[in-house]
Amino acid sequence: MLPPVPSPADYDISPDHGFLSPETPLEVLPDPYYAQWEAIVLNLQPLLLSKRIRMVVNRLPVLSTVHLQTDAEWRRAYVVLVFMLHGYVWGGDRPAEVDHSSPIDHPLFEVCERLEVPPVATYAGVCLWNYKPIFPDEPTGDLDNLACLQTFTGSLDEQWFYLVSVAIEARGAPSIPLMLQAITAARVGMAKVVTECLQQLAEILDEITALLQRMYDNCDPYIFYNRIRPYLAGSKNMADAGLPKGLLYDDGRGAPEYRQYGGGSNAQSSLIQFFDIVLGIEHRPTGVSRNDSASTKSRHGFIHEMRAYMPGPHRRFLEDVGSIANIRAFVESHRADPVLRVAYDACLDRLRAMRDAHIQIVSRYIIVQSRARTSQPVSPSRPAAKNLATAAPPDSKKLRGTGGTALIPFLKQARDETHEPAIDAWTLRVLNKGHADLSSASLSKVGEHPDGHLEVVGLCGKWTMDDSEGGICHW
């Protein structure tokens, strides 16, 4: 007997909001017992600006979690605590390993155990549980009707960076019951229903890509790279940024120990992984090709590792959906149905287009900014603070994301793997050829070439991002 198709409600997933918080997140913890926590995050920007955040946090009493009642309160506590944690770690000239006597360690571990998330700022903490509609009677999926509850910098740019993801999650929410319906229909051979579901999914993916490209509207690349991104960094693979051993955590169950966690990353979005799972897209460890041995490909890659950073119910939902996913096999067995075949391949194409758009954003917001950073003079009287922005290596292929992975190789491989399940040979050829040059995308000033190097087009003509280049246009 086939296992049942999962019910999203059993995994804290709502039909209206998808993986977002089922109810509007709390703006403040209602019990005055937690007023000191709320006072710190309310004044987080001036505390970071004056570099007094560590002093203030160290003066806190160790508060108990017994006064947290509802799920919404536990989620709010998590948001408050991880913003304090990352402000503490990255809010000075050098990162702090966090002293084992930190008054936020014990409650943070208790909250994380309840929510089944690691003690670090995750995608759930900065996006899924960190928003509110400006007008409650208007759609949450409208990007122009969203506001952020908590930021590190207080800037419009940081709010926009989070809210684009919130809007994507809201717009993608209908795809969850839609594709579960497709899986159910495939079980009983209803090809027409599967086709209609795939056609609707392709439209949703197209709208998600349009939302992603709105990142340019209100988030400045310089502000993101130098002011926002450093606070989102985790402690994994962050030796160059000043955390060679990670953070020193005290969970109250033994001696304090160093641990390493990845920071907030869009790879932690359950929605994007849901798309991969229902479409039968398999991602391998970075650097492993399709032709490598089965034992090599069986190793879990970064995308699979990111599930550990998702809320527990969402993680289990993906695992359960993965055990029943049948769309790719169904389409394969119905090759003679051209409409079904085209609908499936269109979903792959739209998902790959979304990943193309993401690479364009990373190119502009991280790669270009990292090169610009290395050309800036450093004041001898005040050396630059040590963080993820100042630790950028000269080789763009070695740049790491806030999650700790090698950034560009991971993103390019994930994009290229998206087209591999294509059914139609002609479609596969188009997908292979049509995305080699990204210059047709919305970001016209950064082009990616087949050999992997980036080219920037400006008023002075074209120049590449190779270290050997020089002249007036060089970084």
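Hi everyone, this is a short tour of one protein structure, from its overall make-up to its core and its salt bridges. Please keep in mind that we are looking at a predicted model.

Let's start with the whole chain. The protein has 475 residues, and 55% of them count as buried. Its secondary structure comes to 19 helices and seven strands. What about the surface? About 20,400 Å² is exposed, with carbon and sulfur atoms supplying 53% of that area. And if you take the contacts with a separation of 6 or more, 75% of them are between residues 24 or more positions apart.

Now to the inside. In soluble globular proteins, nonpolar side chains tend to be buried together. Here, the largest nonpolar core has 133 residues. Which of its members touch the most others? Those are W37, M84, L198, F274, L279, F317 and I327. Let me pick out F317. Setting aside neighbours within four places in sequence, F317 is in contact with P6, P8, Y11, I13 and F19, and also with I176, L180 and F274. You may recognise F274, which is itself on that list of residues touching the most other core members.

On to the charged side chains. How many salt bridges does the structure hold? There are 18, and I'd like to show you three of them.

One joins R114 to D71, with the closest N and O atoms 3.1 Å apart. R114 sits in helix α5, residues 105-115, while D71 belongs to helix α4, residues 71-90, so to speak a link across 43 residues of chain. Both ends are partly exposed: R114 has 40% relative accessibility, and D71 has 39%.

Helix α5 comes up again in the next pair. E113, in that helix, partners with R253, which lies in the loop between β3 (247-249) and β4 (257-259), so this bridge ties together parts 140 residues apart in sequence. The N to O distance is 2.7 Å. Are these two buried or exposed? R253 counts as exposed, at 64% relative accessibility, and E113 is exposed too, at 51%. For E113 that is a narrow call, because exposed means over 50%.

The third pair is R171 and E207, at 2.2 Å from N to O. Here two helices are linked: α7, residues 156-172, holds R171, and α9, residues 191-212, holds E207, with the two positions 36 residues apart. R171 is partly exposed at 25%, as is E207 at 36%.

Finally, D144, R214 and D217 form one network through salt bridges that share partners. Thanks for listening!

Terms used
Residues numbered from 1 in each chain as written. Predicted model: local features only at pLDDT ≥ 70, side-chain atom pairs only at ≥ 80, totals over all residues. Heavy atoms only, no water. Core = buried A, V, L, I, M, F, W, Y, C linked by side-chain atoms within 4.5 Å. Buried < 20%, exposed > 50% of the residue type's maximum accessible area, 1.4 Å probe, protein only. Contact = heavy atoms within 4.5 Å. Helix = DSSP H or I, 4+ residues; strand = E, 2+ residues; numbered from the N terminus. Areas by Shrake-Rupley, 256 points an atom, 1.4 Å probe, with all protein chains shown as cover. Salt bridge = Lys/Arg side-chain N within 4 Å of Asp/Glu carboxyl O.
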